[in-house]
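Here is a set of short exercises with worked solutions. Try each task on your own, then follow the steps.

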Amino acid sequence: MPEGPSIVILKEAVQQFSGQNIIDVSGNSSIDILRLKNKTILEFKSWGKHFLICFDDFTVKIHMLMFGTYLINEKKETIPRLRLVFTNGEINFYTCSIKILEGDINLYYNWEEDVMSENWNPEKAKKSLDKIPNKMICDALLEQDIFSGVGNIIKNEVLYRCKIHPESLVGKIPLEDIQKLIDESVIYSFQFLDWKKKYELKKHWLAHTKKKMCSL
């Protein structure tokens, strides 16, 4: 499943279509896709693992699930879930979940929960962790209303960096380590973004996919 940094890359890649009018739309999505035809895209946003296409009175939310993909100015032989055509190109989404969110997008998302947002609030994350003292930290890191955008790769690498056992209960972890974990979740997410853009993410993995690990 694509994690937050991968969705940021998608958001950056489609900026050429921001402010553009959709001249044609197709796909096998269950939403009313014809509603998008002749609409102008106001902006593209991301919240964690959600890619958002914003219009004047609604937003299209795209979640890539486990195996979702997209192509810009290219297409596969298979029918896309959603195809958006512009005068200067097209975007095709495959094997993903698509929903329409009516009204103001800010009513659906708290940007302070997104580890890659300029509005990220580490104090809010700390308060949220305080409310789940009996949850294992490996599960807490995947709570999208606390660490939006964090997935298994970021989780594994951050826990390894912080030398915190994945099954440690949140309430038993020293405050200093909790603070370091919160900070590292952001630091690693932006490193993930940089490495993925350079096609070298995997070579930096210290924990993810490793079968044997040293004791923490």
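**Exercise 1. A pair near the C-terminal part of the numbering**

Task: Find the salt-bridge partner of Lys198 and say how far apart the closest N and O atoms are.

Solution. Step 1: Lys198 pairs with Asp194, and their closest N and O atoms are 3.3 Å apart. Step 2: the test for a salt bridge is a side-chain nitrogen of Lys or Arg within 4 Å of a carboxyl oxygen of Asp or Glu. Step 3: Asp194 counts as partly exposed because its relative accessibility is 33%. The classes are buried for under 20% relative accessible area, exposed for over 50%, and partly exposed in between, with a 1.4 Å probe and protein chains only.

Before you go on, two notes on the model. It is a predicted model, in which local features need pLDDT of at least 70 and side-chain atom pairs count only at pLDDT 80 or more, while totals for chains, interfaces and linings use all residues. Residues are numbered from 1 along each chain as its sequence is written, and side-chain values use heavy atoms, with hydrogens and water left out.

**Exercise 2. Other salt bridges**

Task: How many salt bridges does a search of the whole structure find? Then look at the pairs Arg83 with Glu90 and Lys203 with Glu200, and sort their residues by exposure.

Solution. Step 1: the search gives 12 salt bridges. Step 2: in the bridge between Arg83 and Glu90, the closest N and O atoms are 3.0 Å apart, and both of these residues are buried. Step 3: Lys203 and Glu200 meet at 3.8 Å, N to O. Lys203 is exposed because its relative accessible area is 63%, while Glu200, at 22%, counts as partly exposed. Step 4: a network also exists, in which salt bridges with shared partners join Lys39, Asp56 and Asp57.

**Exercise 3. The chain as a whole**

Task: Which order do the elements of the chain follow from the N terminus on, and how does the radius of gyration of the chain fit the globule rule?

Solution. Step 1: count five helices and eight strands. These are DSSP runs numbered from the N terminus, with helices being H or I of at least four residues and strands being E of at least two. Step 2: the order is α-β-β-β-β-β-β-β-β-α-α-α-α. Step 3: the radius of gyration is 19 Å, close to the 17 Å that the rule gives for 216 residues, so the chain is as compact as a globular protein of that length. The radius is taken over C-alpha atoms, and the rule is 2.2 Å times the number of residues to the power 0.38. Step 4: the C-alpha trace spans about 55 × 35 × 25 Å along its principal axes, and buried residues make up 47% of the 216 residues.

**Exercise 4. Helix α1**

Task: Is helix α1 (residues 4-13) largely enclosed by the rest of the structure or open, and what covers its buried residues?

Solution. Step 1: seven of its 10 residues are buried, so α1 is largely enclosed by the rest of the structure. Step 2: the buried ones are Gly4, Pro5, Ser6, Ile7, Val8, Ile9 and Leu10. Step 3: the cover includes β2 (43-47), β3 (50-54), β5 (69-72), β7 (89-94), α4 and α5 (175-197).

**Exercise 5. Val150 and Lys180**

Task: Place Val150 and Lys180 in the chain, and list what each one touches beyond four places in sequence.

Solution. Step 1: Val150 sits in the loop between α3 (137-140) and α4 (152-162). Because its relative accessibility is 0%, Val150 counts as buried. Step 2: its contacts (heavy atoms within 4.5 Å) are Glu3, Lys49, Val115, Leu141, Leu142, Gln144 and Lys155. Step 3: Lys180 belongs to helix α5 and, at 39% relative accessible area, is partly exposed. Step 4: Lys180 touches Arg161 and Cys162.

**Exercise 6. Positive phi**

Task: What values of phi do Thr95 and Lys163 have, and where do these residues lie?

Solution. Step 1: Thr95 has phi near 50°, a positive value in a residue other than glycine. Thr95 lies in the loop between β7 and β8 (97-102) and is partly exposed, at 45%. Step 2: Lys163, also not a glycine, has a positive phi of about 55°. Its place is the loop between α4 and α5, and at 63% Lys163 counts as exposed.
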